[in-house]
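Student: I should like a close look at the salt bridges in this structure. Please set them in the context of the whole chain and describe the surroundings of each partner.

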Amino acid sequence: MSQSHAPLGDPNHAIDLALFGALGDLAMRKLFPALYHLDREGLMPESTRIMGLARQEHDTAAFRQLVSGALQKRLKKEEQDKASLERFLNRLEYLKLDFATADGYDAIRQWREGSKRPMVVYLSVAARIYGDICRNLQASNSLDDDTRVVVEKPIGYDLASSEEINDAIGAVFPESRIYRIDHYLGKETVQNLIALRFANPLFGTQWNQNHISHVEITVAEKVGIEGRWGYFDDAGQLRDMVQNHLLQLLCLIAMDPPSNLDADAIRDEKVKVLKALKPFTGESLGRDVVRGQYIAGTSDGQAVPGYLEEEGANTQSQTETFVAMKTEVSNWRWAGVPFYLRTGKRMPEKLSQIVIHFRQQPHYIFDPDQRGIASNKLIIRLQPEEGIALQVLTKDSGLDKGMRLRPGPLHLDFNSAFPKSRIPDAYERLLLEVMKGQQYLFVRRDEVEHAWRWCDQLIDGWKSRDTPPRRYPAGSWGPVASIAMITQDGRSWYEDY
């Protein structure tokens with residue numbers, strides 16, 4: 001049955017969406033498909049309107065044609081139906097606008113005249129012009145007390161620049177109407193991590209240093225820099241991935257139970273984790289952190305260039321494309337439990353995964369040569385396919401096996417478990433929560449700034465040591481030193497994919 005006749009969403013959640021950067025890569029690749037799916041699933045109220053804003057010269061008809069082409073390119077065949085596409089495209093309007101100057105913003109106020117819907121301003125643009133856009137919207141009287149603003153990462157380059165950007169946004173919008181996106185927080189598996197931890201006594205009572213030996217977080221990217229040399233060489237992997245995605249995942253794993261599911265209750269607990277992160281100083285900087293940069297190698301059997309050989313490269317660059325580290329959360333729950341973080345570009349696979357390693361039983365009675373496998377692991381996979389698996393030990397079957405142990409997973413693969421349900425993209429969830437005015441999946445200002453404080457001390461330590469990144473071949477799992485870092489603790493990276 002076509003979903004084009006699905007009842008449209010709660011009229012109380014209708015919005016006017018002003019999308020700045022509407023012709024950019026993020027908008028065409030992620031935002032418009034997400035908005036289309038919300039419409040098709042009956043979650044977008046009938047009166048919701050979308051204004052695309054960009055610097056290019058187009059009219060509304062041409063803009064709709066561009067969005068239609070992008071949707072047809074990215075949607076699966078079964079996700080496309082004529083009625084849903086036509087209804088969605090009819091919501092779209094277009095305005096050519098120079099974001100940095102005040103001229104032209106009156107057209108947004110005129111577009112809003114008579115509307116009783118709250119406006120959502122989505123800034124899919126460079127963070128350096130967030131302040132300009134907010135001030136110009138305010139000066140043109142385009143805002144009211146219900147207007148919300150959505151901003152993308154990265155918010156700044158370090159703590160100082162982050163504070164400057166947040167000050168500029170905060171001068172126009174109160175914190176209660178600022179939605180800072182980290183798209184990892186919109187993933188279905190991340191939502192399930194909260195349910196898994198706090199709804200299941202099986203895990204809730206075991207989630208501490210008495211029962212967990214160590215935690216791994218891996219976010220591996222198969223691609224290189226994909227033409228983003230100008231941005232990435234100034235940022236590096238620590239700023240691009242650790243400061244936001246990996247630290248957010250770490251917070252959700254390590255935080256104490258919130259008093260409720262309100263936005264600030266959850267975010268208060270995440271801030272406590274960021275404050276408790278152990279800094280890297282002196283000897284630990286060389287022992288517990290590995291920086292890497294990929295050199296030429298192979299990906300899917302094809303030769304690929306090294307980072308310094310990419311188009312437009314600065315051949316003297318010491319920017320890291322890989323980071324691995326061991327850190328700790330210095331509190332009662334996690335005292336002595338190492339958290340191993342790893343992220344890099346040009347890895348063998350695209351993989352985002354959390355592995356919780358539980359401690360072994362205090363007394364072991366089975367075959368001595370199997371002692372190394374005698375523990376449980378909880379594997380939480382965010383991509384490529386979302387799912388959760390608990391590795392348990394059972395007796396190996398067969399009359400001649402004795403009491404030999406065999407590890408095997410209790411597996412929840414969302415695609416298999418819910419074959420008739422499409423797993424929504426993270427941006428669908430996030431945009432829906434913005435429409436509802438719910439902030440619990442978004443990052444509060446103090447989270448951003450505590451994350452920057454922790455990363456800044458690490459970056460400053462690298463600068464003082466002036467040590468170049470270690471090389472690793474494209475298509476490998478990073479520098480050998482990253483393996484040695486965890487091996488020195490008698491452990492290894494979990495790579496049973």
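**Salt bridges in their setting**

Tutor: Of the 497 residues in the protein, 55% are buried. The model is a predicted one. Its secondary structure consists of 15 helices and 17 strands. The radius of gyration is 24 Å, close to the 23 Å that the globule rule gives for 497 residues, so the protein is as compact as a globular protein of that length. The C-alpha trace spans about 75 × 55 × 50 Å along its principal axes. Of the contacts between residues at least 6 apart in sequence, 77% join residues at least 24 apart.

The charges come next. The protein carries 62 positive and 68 negative charges, and the mean positions of these two sets are 3 Å apart. Across the whole structure, 32 salt bridges are found. Three pairs are taken in turn below.

The first pair is Lys153 and Asp240, whose closest N and O atoms are 3.4 Å apart. Lys153 sits in the loop between strand 5 (148-152) and helix 6 (159-170), while Asp240 belongs to helix 9 (residues 229-254), so this salt bridge ties together parts that are 87 residues apart in sequence. Lys153 is partly exposed, at a relative accessible area of 23%, whereas Asp240 is buried, at 3%.

The second pair is Lys345 and Glu221, joined by a salt bridge with an N to O distance of 2.8 Å. Both partners are in loops: Lys345 lies between strand 12 (338-344) and strand 13 (351-358), and Glu221 lies between strand 7 (212-220) and helix 9, so the pair ties together parts that are 124 residues apart in sequence. Lys345 has a relative accessible area of 0% and is buried. Glu221 has a value of 18%; because the cut-off for a buried residue is under 20%, Glu221 also counts as buried.

The third pair is Asp489 and Lys326, whose side chains meet at 3.1 Å, N to O. Asp489 is in the segment after helix 15 (480-487) and Lys326 is in strand 11 (residues 322-328), so that distant parts of the chain, 163 residues apart, are linked. Asp489 is partly exposed, with 28% relative accessible area, while Lys326, at 16%, is buried.

Beyond these pairs, salt bridges also link Asp16, Arg49, Arg112, Arg117 and Asp144 in a network.

Definitions and conventions:
Residues numbered from 1 in each chain as written. Predicted model: local features only at pLDDT ≥ 70, side-chain atom pairs only at ≥ 80, totals over all residues. Heavy atoms only, no water. Helix = DSSP H or I, 4+ residues; strand = E, 2+ residues; numbered from the N terminus. Rg over C-alpha atoms; globule rule 2.2 N^0.38 Å. Buried < 20%, exposed > 50% of the residue type's maximum accessible area, 1.4 Å probe, protein only. Contact = heavy atoms within 4.5 Å. Lys, Arg positive; Asp, Glu negative; His and termini not counted. Charge placed at Lys NZ, Arg CZ, Asp CG, Glu CD. Salt bridge = Lys/Arg side-chain N within 4 Å of Asp/Glu carboxyl O.
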